[in-house]
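Please open the model in your viewer, with a cartoon representation and a selection prompt at hand. The stops below move from the whole chain to single residues and back again.

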Amino acid sequence: MPFLELGRKAERIMAEADALLMIRQEPTLRNRVLLTVLYGGGLRISDVCGLRWRDLTARDEAGQATVFGKDGKTRAVLLSAATWKGLLALRGEAPDNAPVFLSRKGGALDPNAVHRVVKAAAARAGLRSKVSAHWLLHAHASHSLDRGAPIHLVQATQGHASVATTGRYLHARPSESSARFLGA
């Protein structure tokens, strides 16, 4: 991977505390759950915009989302108990076919609306204006790998075509180097 590309990817990796601050400071339930699903589920904007209640299934205290994502690939994404609880609070009496994230007009949120939610949450948290929903996707991969998630599991969760794509998140930390582990 060219050094310039590595630098750009490193610029788009948020600290875990920043991602959680964005979520915690979001005042509206829908937007807080949206941010949680983007980050905690590692979903793309298109994934959350297309998500319907019928795509969600309880799994013990947590849940699972069936995502119809990029390149027509279907994948199952496990959701934490906290994320699941937020989704249940959001649902109310919505029918199975209804979008999970509704716009003010009653249809599914569109990508522009999701961008606005993320930008507003980042501003509220005092983060750089460049923060985007895609940064939350990058953060999910990086933070999961940092916490010891197997790379193939992150690959499957995010729907990457190859483990090499996921592996980029292992190399995007300019403050880290294997040289720190050597005595020379």
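## The whole chain

Before selecting anything, trace the cartoon from one end to the other: read along the sequence, the protein chain follows the pattern α-α-α-α-β-β-β-α-α-α-α-α, which amounts to 9 helices and 3 strands. Bear in mind throughout that this is a predicted model. With the surface switched on, the accessible area of the protein chain comes to about 10200 Å², and 55% of that area belongs to carbon and sulfur atoms. Of the 184 residues, 42% count as buried. If you draw a contact map alongside, then among the contacts with a separation of 6 or more, 58% join residues that are 24 or more positions apart.

## The sheet

Next, select the three strands together, which form an open sheet in the order β1-β2-β3 with antiparallel pairing. β1 and β3 are the edge strands, each pairing on one side only. Direction ignored, neighbouring strands of this sheet are turned by 25 degrees against each other on average. As background for this view, strands of a sheet pair through backbone hydrogen bonds, either parallel or antiparallel.

Start at residues 56-59, strand β1, which pairs with β2 over 4 bridges in the antiparallel sense. The two strands form a hairpin with 2 residues between them, and D60, in the turn, has a positive phi of about 55 degrees. Beside this turn, R59 stands opposite A62 in β2.

Now move to the other side of β2, where 6 bridges join β2 to the antiparallel strand β3. Two facing pairs are worth labelling here: A65 stands opposite V77 in β3, and T66 stands opposite A76, also in β3.

## V67 in strand β2

Stay on β2 and ask whether this strand is mostly covered or not. Burial applies to 5 of its 7 residues, so by the cut-off of under 20% relative accessible area the strand is mostly covered. Select V67, which lies in this strand, residues 62-68. V67 counts as buried because its relative accessibility is 1%. Show its surroundings, leaving out residues up to four places away in sequence, and you will find that V67 touches L43, D47, K73, T74, R75 and V77. For a distance to check in the viewer, pick the C-alpha atoms of V67 and L56, which are 11 residues apart along the chain and separated by 9.1 Å.

## Helix α3

Select residues 29-41 for helix α3. This helix has 13 residues and reaches 17 Å from its first C-alpha to its last, close to the 18 Å expected at 1.5 Å a residue. Its buried residues are N31, V33, L34, L35, T36, V37, L38, Y39 and G41. Just after the helix, G42 takes a positive phi of about 65 degrees.

## The nonpolar core

Finally, hide the cartoon and show side chains: the largest nonpolar core has 41 residues, and those with the most contacts inside it are M14, M22, L56, L87, F101, V114 and V118. Several elements each supply at least two residues of this core, among them α3, β2, β3 and α6 (111-124). Centre the view on V118 as a last stop; leaving aside its neighbours within four places in sequence, V118 is in contact with M22, L35, L38, V131, S132, A133 and L136. Of these partners, L35 and L38 take you back to the buried residues of α3.

Technical notes:
Residues are numbered from 1 along each chain as its sequence is written. This is a predicted model: local features need pLDDT of at least 70, side-chain atom pairs count only at pLDDT 80 or more; totals for chains, interfaces and linings use all residues. Side-chain values use heavy atoms; hydrogens and water are left out. Buried means under 20% relative accessible area, exposed over 50%, partly exposed in between (1.4 Å probe, protein chains only). Contact means heavy atoms within 4.5 Å. Accessible areas come from the Shrake-Rupley method with a 1.4 Å probe; for residues, only the protein chains shown count as cover. A nonpolar core is a set of buried Ala, Val, Leu, Ile, Met, Phe, Trp, Tyr and Cys residues joined through side-chain atoms within 4.5 Å. Two strands pair if DSSP finds at least two bridges between them. Axes are lines fitted to C-alpha atoms, for helices over the stretch in contact, and angles run from 0 to 180 degrees between N-to-C directions. The expected span of a helix is 1.5 Å times one less than its number of residues.
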